[in-house]
Amino acid sequence: MNVRLLLGVLLAFLLILAGCNKETDTAQHKKEKTKEGKIKIVEEKSYTLVDSITHDHVLSYSAVIKNESDKTLNVNDTTIKYVNKTGKVIDPHIIPNDPDVHLAPYILKPGEEGYISAEGIINKEPDTYDVKVKINPIKPASDVKSLKVKEDAMNQEKENHILHITGTATNNIKQSIEYILVGAAVYGKHDEFIGTTFQSEEAQLTPGKSISFDSTSSQIPDKELAKVKTYKVVASTYQE
């Protein structure tokens with residue numbers, strides 16, 4: 001009788017232990033599945049302003065995103081919509097229907113950050129609005145290559161309300177490249193995020209050759225531009 005009782009207790013213990021292991025494995029699997037394909041919005045800003053040249057009403061959005069997964073991911077399938085307080089997309093006549101979205105780089109290695117710049121034109125100044133960002137990361141078919149940046153500088157074209165991040169990008173890889181993407185994030189004196197700049201440029205560069213770049217933004221209000229003190233800039237290309 002005591003032997004049967006002992007065996008019963010032992011069997012129950014083994015079943016509990018197996019259940020715990022199963023739960024642990026399931027939790028670990030869920031954790032790994034969650035980690036795979038995770039893109040985090042680290043910092044973001046949105047503004048409403050009137051374009052100083054066209055006088056159009058503009059909604060702009062800037063963000064820093066980070067690949068927190070253990071996979072290299074393509075984030076080029078990113079959409080942004082501006083919605084009012086009831087959740088409806090602002091102004092059916094927004095041009096374009098989906099605001100222009102620029103990403104640099106748009107292929108992110110694990111732990112790497114990228115910059116988003118987006119803007120949309122509407123017919124009139126909007127009321128209170130929110131920004132809905134949808135990022136659909138996928139495994140890339142091409143590989144990102146970082147380019148060496150030097151002689152970089154920041155300046156403002158105050159009469160036209162344009163921020164410039166300039167410099168040179170050098171092809172420091174073994175293959176020739178056909179284009180570059182430049183993205184930058186700008187910050188205030190207390191490291192507060194203010195906005196982003198972007199440039200896409202065709203560049204037929206053999207190994208070791210350089211090209212100048214001018215990454216710009218005209219979508220940051222003057223009062224925010226006046227706060228800009230520092231920046232981060234990256235240049236990249238992609239190899240099939």
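**Entry 1: Gln219**

I started with Gln219, which sits in the loop between strand 13 (210-217) and helix 2 (222-225). A reminder to myself before going on: this is a predicted model.

Buried or exposed, I wondered, for Gln219? Its relative accessibility is 14%, so Gln219 counts as buried, the cut-off being under 20%. I then checked what the side chain does, and found a polar contact of 3.1 Å between the side chains of Gln219 and Ser218. Setting aside neighbours within four places in sequence, I listed the contacts of Gln219: Tyr47, Leu49, Asp51, Val58, Ser60 and Glu119.

**Entry 2: the pocket beside it**

Next I looked at the second largest pocket, because Gln219 is among the residues that lie nearest its centre. The others in that group are Glu119, Thr216, Ser217 and Ser218, and the lining comes to 14 residues. I noted a volume of about 170 Å³ for this pocket.

Which strands each supply at least two residues of the lining? I got strand 2, strand 7, strand 12 (193-205) and strand 13. Glu119 turns up twice in my notes, as a contact of Gln219 and as one of the residues nearest the pocket centre.

**Entry 3: strands 1, 2 and 7**

Strand 2 was on that list, and I followed it up. Strand 2 (residues 57-67) runs antiparallel to strand 7, with ten bridges joining them. To get the register, I picked out two pairs: Ser62 stands opposite Ser117 in strand 7, and Ile65 is opposite Gly114 in strand 7.

Strand 1 (residues 39-50) also runs antiparallel to strand 2, and here I counted eleven bridges. In this pairing Thr48 faces Leu59 of strand 2. The hairpin of strand 1 and strand 2 has six residues between the strands, and there I found His55 with a positive phi near 65 degrees.

How many residues of strand 2 are buried? Nine of its eleven are, and I wrote the strand down as mostly covered. For strand 7 (residues 113-122) I got eight buried residues out of ten, so the rest of the structure largely encloses it.

**Entry 4: Asn67**

I went to Asn67, also in strand 2. Asn67 has a relative accessible area of 0%, so I put it down as buried. What does its side chain reach? One partner is the backbone oxygen of Leu108, at 2.9 Å. Another is the backbone oxygen of Lys109, at 3.4 Å. Leu108 and Lys109 are also on the contact list of Asn67, which leaves aside neighbours within four places in sequence and includes Lys38, Ile39, Thr72, Leu73, Pro110, Gly111 and Glu112 as well.

**Entry 5: Ile135**

Ile135 belongs to strand 8 (residues 129-135). I looked up its spacing from Ile41: 94 residues in sequence, but 9.6 Å in space, C-alpha to C-alpha. Ile41 is also one of the contacts of Ile135, again without neighbours within four places in sequence; the others are Ile39, Ile65, Val75, Asp77 and Thr78.

**Entry 6: the whole protein**

That pair made me check the overall pattern. Of the contacts between residues at least 6 apart in sequence, 73% join residues at least 24 apart. I noted two helices and 14 strands. Of the 240 residues, 38% are buried. Last, I took down an accessible surface of about 14200 Å², with 52% of it belonging to carbon and sulfur atoms.

Definitions and conventions. Residues are numbered from 1 along each chain as its sequence is written. This is a predicted model: local features need pLDDT of at least 70, side-chain atom pairs count only at pLDDT 80 or more; totals for chains, interfaces and linings use all residues. Side-chain values use heavy atoms; hydrogens and water are left out. Helices (H or I, at least four residues) and strands (E, at least two) are DSSP runs, numbered from the N terminus. Buried means under 20% relative accessible area, exposed over 50%, partly exposed in between (1.4 Å probe, protein chains only). Contact means heavy atoms within 4.5 Å. Accessible areas come from the Shrake-Rupley method with a 1.4 Å probe; for residues, only the protein chains shown count as cover. Two strands pair if DSSP finds at least two bridges between them. A polar contact is a pair of N or O atoms within 3.5 Å; within protein, one must be able to donate a hydrogen and the other to accept it, and residues adjacent in sequence count only if both atoms are side-chain atoms. On a 1 Å grid over the protein atoms alone, a cavity is a set of points where a 1.4 Å probe fits but cannot get out, and a pocket is an open set with protein on both sides within 12 Å along at least five of seven lines; lining residues have an atom within 4 Å of a point. Grid points are joined across faces, edges and corners, and a volume is the space filled by probe spheres set on the points.
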